[in-house]
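Work through the exercises below with the sequence and the 3D view open. Each task is followed by a solution in steps.

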Amino acid sequence: MSLALIVMLPFLGAVLPALMIRAGRGACAIATGSVTLLAFALLLTHVPAVLRGEVVQVGWEWLPALGLNVTFMLDGLGLLFAGLILGIGLLIIIYARFYLSKDDPMGAFYTYLLLFQGAMVGIVMSDNILLLLVFWELTSLSSFLLIGFWRHLPEGRQGARMALAVTGAGGLSMIAGMLILGNIAGSYELSVILQNRELIQASPLYLPALILILGGCFTKSAQFPFHFWLPHAMAAPTPVSAYLHSATMVKAGIFLMARMWPVLAGTDAWFYLVSTAGLATMVIAAWIALFKDDLKGLLAFSTVSHLGLVTMLFGFGTPMAAVAGVFHIINHASFKAALFMNAGIVDHETGTRDVKRLGGLLFLMPITATMAMIAAASMAGMPLLNGFLSKEMMLEEAAQTSWAGQGWIVPVLATLGAVFSVAYSFRYIVHVFFGPKRDDYPAKPHDPPAGLWLPPALLVALVVLIGLFPETFAGALVRVAAGAVIGAQVPDFHLSIWHGFTPALWMSVVAVVVGLTLLRLYPRVRALWQAGPHPEAKAMFDAVIDSVVLASRLLVLGLHNGSLQRYLAFMIGAAVVLGFAAFFGTTHAPGGRDTLPVGWAVMVPWVMLLATALLGVVLHRYRFVALIIIGVVGLVVSIGFVYLSAPDLALTQISVEVATVILILLALYFLPKSSPIESTNGRRLRDALLAGVGGLGVGALAWAVMTRDFATLSGYYLEQAKPAGGGTNVVNVILVDFRGFDTFGEIIVLGVAALAIFALLDGALRGRIARSLEGWVPDDPVSADRHPIMMVVVTRVMLPLALIVGVYIFLRGHNMPGGGFIAGLVVSIALIMQYMASGFGWAQQQMRVDYHAMIGAGVLIAAATGIAAMVMGYPFLTSAFDYFHLPIVGEFELTSAMPFDIGVFLTVVGAVMLALAQLSNMGLRLANLPVNTRPMDFDPAALRADGGKER
Amino acid sequence: MLSMEFIVASTIAMLTAAGIYLVLRARTFPVVLGLALITYAVNVFLFAMGRLAVNLPPVIRSDAAGYADPLPQALVLTAIVISFGMTAVIVVMALRAWLESGNDHVDIEQPGSEGEQ
């Protein structure tokens, strides 16, 4: 449990700095530091177990169907990295408190830092590789925020974007590789994958998986040729560089290579890919570092070079090289984080980190200078410091490695890397701290407050202690971490300063002598360098990004140019292509189901429907005609439902049809009454072709299905409708009982649609549109008799009848065709007729119902029915029914589906009425017509009272 | 030989084709009508997935010879009501767009590359 807490603490604590910043910068830093300290302390409680060789594990299932579980493990390797991340993290938090200026948003900085810290700890402690990938992406995102922290600097923003693009692309490659790996091993748990070395290496997918995973590792750990983003990320504040780019994030790729070492390493592919990339990176980056004038640029390329060194060691694939790699990870983290903080101090106190403007700081900043000399000497690999030990081990391994049968390549190049390393390390010391004092420093240099130099001092102390007593201070950790990397017995080794006159020692001597000579001849070497080519990675990167943007813009704008017609044509075309592709990919034997015969009575509506649909297409520009045609089509479809044993559908269809036509008529009051001719003949031909092929495909599919037998689920519903649902109309029982939850969702959708309509029209009734429409005159002549007496009288007589029919349809719905949906539509139409006959003003006076409330009440009643079942201890919407005996009525059934159906009814009435009433209200308001308060414009009764005078 | 299945299938085909053609027009009103036609086609299509039956309504009776498949019917019933809601929203959107812009072209601002006018 506490294992998961170590990962979660930084995430949970990430809100603290954002809150605590109000209490001041000190409180903010203390809060952040305590979070990390607590996580570090929790980690330390596991140290004894891990050093005994145990693997601490904890986990829960998350999405077992996907193989994604929240499982954490802590072994030697995880302990090493988690210790680095949390330990150095703590130092960085202290350092940043004194480094950041008052103007920097410190709360945001610490929040990002903790997010990053949590993600890193997550990577090194995940047991599940899918979980690991999640954390992996989180580090890319949080480091983006950190690198771009000074968002007012364009370099910061560009550097952050570049880092995100490169590591993000690597992350995608990694995901693919991990999925393949998990697929081969049959599990996404690392503990399982690590046991399956033979299986994985024998798989034909081993090489693709390896390349994809290395793609992620190399981008993250800035290996050649993906190294270019790291120097640009140096635009970040120095604490970020010290943390992310020396000790943690760039080591994530290294970590993963170490983690996967037992299953992926040991093959030729691994050796050549990994060790070559590492070797090239080490030499090239060290060479470039020598000529960087920006202190952080120098350290950045030096970091790239050292990462290359570790990568190369893991690439060798031998156990002893892995031990050396693990040891160098510790040493590099300690001296490089110290150096980054040191460079930050120099920058902070002198106002520049340009080597050319520095020099002579030794006596101005003695503490800083001392620490820089120790840490840089360790980086150079000078004896008695920790860098020396792991570099000796590296040279020893390199001396024994032959590359493509050539025994000299690796040792010579490794020595060359060491030469450059000595040269740039001493350049850091000599060109910054030695030489004459200058009088043109941008600021007055002096040693910083303790808060800035103590954190690196601790690391420098570690550099010396490990350098002098390696076995005491690092032996156990190296052993247990290397054990986790190798996954087998760790070779017997002893960390010590003196190994005798080994080849490695001579290589070291050569490196120091040649390196110092290079530095002595620095101006000449530099002139040589300047004469050579300098490929600018950023320009190439920008060119690549620009061409990708251009290509995607061409593609996207070609498909997606803002024209609905084009989108729809593409969508329909794609659907047609997919449909036909599927059709040609299968057999085409005719179906064996018996077909139903047809009589002449069926042929008439059929022909009528085909003809009207065709007519609708031809005459669609005359909008009233087209609307009538739609009405006819709907009518024929409802007749079809009646004939084909679907009375409920027929009732629904016909009432919906009426409501739809009324609605569109109301809209057409405002819209133009005809469409202009604007399609070209070619366009029409294209559309006709699409329509013809699409229609043919859908029709053929329907035919194919209908002429084949099938097994239906419906037997259950037919059997259980009466005994379980208490109704004989199976369709209604399904709606309100078996599939009540679906229906519940659908009435909510209907209610939301009505509210959306209300909002759309209500907005149109105010402001600009309303003003612009004030002088609007209807396009067509308006009837002088707006509320004809015949219609008023008929609809008013019909209203009670229609309502009774509605109630009847509702009540019988459970047993006979009908129910809440249909009753709701019938009642709505009856009410709408009142609006049409007597006008909005009068009808609204009579109907004092809030349709919004009606929709809400309907949904709530339906929900209450469902919840009542839950109160009784049944699942949501379980129905119950019983029979009662009443004196006069006789046997009488009550079912809990009834209130649910009332909810449906109310929602349907409310939604339809809200939409239609709002639309007609708008017509009235915008047309500036007088609001009638009487049922008719020409009221015969009023006329009689007036003594027959014409008004 | 003409069969009920053929009649229904050809109806679906015709409604779909007419709907697609209208949906591809340049003005909002035919697009609304086209959607309505496609809605019919889809509803009938879904209904037909339960196969066709004449005089066998799914209402339990002791003397029934059999029943039409009630499940697609229940699904289509709600589909009809929901598609009414959809049509209503689209009509009102078309209306609002017309009121806002004085233009009932489906692309209120027409892209230059599309030589539709």
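**Exercise 1.** Place A:I497 among the helices of chain A, and state whether A:I497 is buried or exposed.

Solution. Step 1: A:I497 sits in the loop between helix 22 (470–486) and helix 23 of chain A. Helices here are DSSP runs of H or I with at least four residues, strands are runs of E with at least two, and both are numbered from the N terminus. Step 2: the relative accessible area of A:I497 is 29%, so A:I497 is partly exposed. The classes are buried under 20% relative accessible area, exposed over 50%, and partly exposed in between, with a 1.4 Å probe and protein chains only. Step 3: A:L468 is 29 residues from A:I497 in sequence, and their C-alpha atoms are 7.4 Å apart in space.

The model is predicted: local features need pLDDT of at least 70 and side-chain atom pairs count only at pLDDT 80 or more, while totals for chains, interfaces and linings use all residues. Residues are numbered from 1 along each chain as its sequence is written, chains are lettered from A and ligands numbered from 1 in the order in which they are written, and side-chain values use heavy atoms, with hydrogens and water left out.

**Exercise 2.** Find the nonpolar surface patch that includes A:V510.

Solution. Step 1: locate A:V510 in helix 23 (residues 503–520) of chain A. Step 2: check its accessibility; A:V510 has a relative accessible area of 41% and is therefore partly exposed. Step 3: list the members, which are A:W498, A:F501, A:W506, A:V509, A:V510, A:V513 and A:V514, making a patch of about 720 Å². Patches take residues with over 30% relative accessible area and no salt bridge; like charges are joined within 9 Å, and nonpolar side chains (Val, Leu, Ile, Met, Phe, Trp, Tyr) within 5 Å. The areas come from the Shrake-Rupley method with a 1.4 Å probe, and for residues only the protein chains shown count as cover.

**Exercise 3.** Describe how helix 19 of chain A crosses helix 23 of chain A, then do the same for helix 27 and helix 28 of chain A.

Solution. Step 1: for helix 19 (residues 386–399) and helix 23 of chain A, the axes come within 8 Å and cross at roughly 115°. Helix 19 of chain A is therefore roughly perpendicular to helix 23 of chain A. Their crossing is right-handed. Step 2: the axes of helix 27 (residues 600–618) and helix 28 (residues 623–643) of chain A come within 9 Å, crossing at roughly 150°. This makes helix 27 of chain A roughly antiparallel to helix 28 of chain A. Helix 27 of chain A passes helix 28 of chain A in a left-handed crossing.

Terms: axes are lines fitted to C-alpha atoms, for helices over the stretch in contact, with angles from 0 to 180 degrees between N-to-C directions. Angles under 35 degrees count as roughly parallel, over 145 as roughly antiparallel, 65 to 115 as roughly perpendicular and the rest as oblique. A crossing is left-handed if the near helix is turned anticlockwise from the far one by less than a right angle, and right-handed if clockwise.

**Exercise 4.** Which two chains does the salt bridge of A:E678 and B:R27 join, and where does each residue lie?

Solution. Step 1: the side chains of A:E678 and B:R27 form a salt bridge at 2.7 Å, N to O, the rule being a side-chain nitrogen of Lys or Arg within 4 Å of a carboxyl oxygen of Asp or Glu. Step 2: A:E678 is in the loop between helix 29 (647–668) and helix 30 (681–706) of chain A, and B:R27 is in the loop between helix 1 (4–23) and helix 2 (28–48) of chain B, so the pair joins two chains. Step 3: A:E678 is buried at 11% relative accessibility, and B:R27 is buried at 12%.

**Exercise 5.** Which non-glycine residue has a positive phi of about 55°?

Solution. Step 1: the residue is A:A222. Step 2: A:A222 lies in the loop between helix 11 and helix 12 of chain A, and counts as buried at 0% relative accessibility. Step 3: A:P225 lies in the loop between helix 11 (206–220) and helix 12 (229–232) of chain A, and the peptide bond from A:F224 to A:P225 is cis, with omega near 5°.
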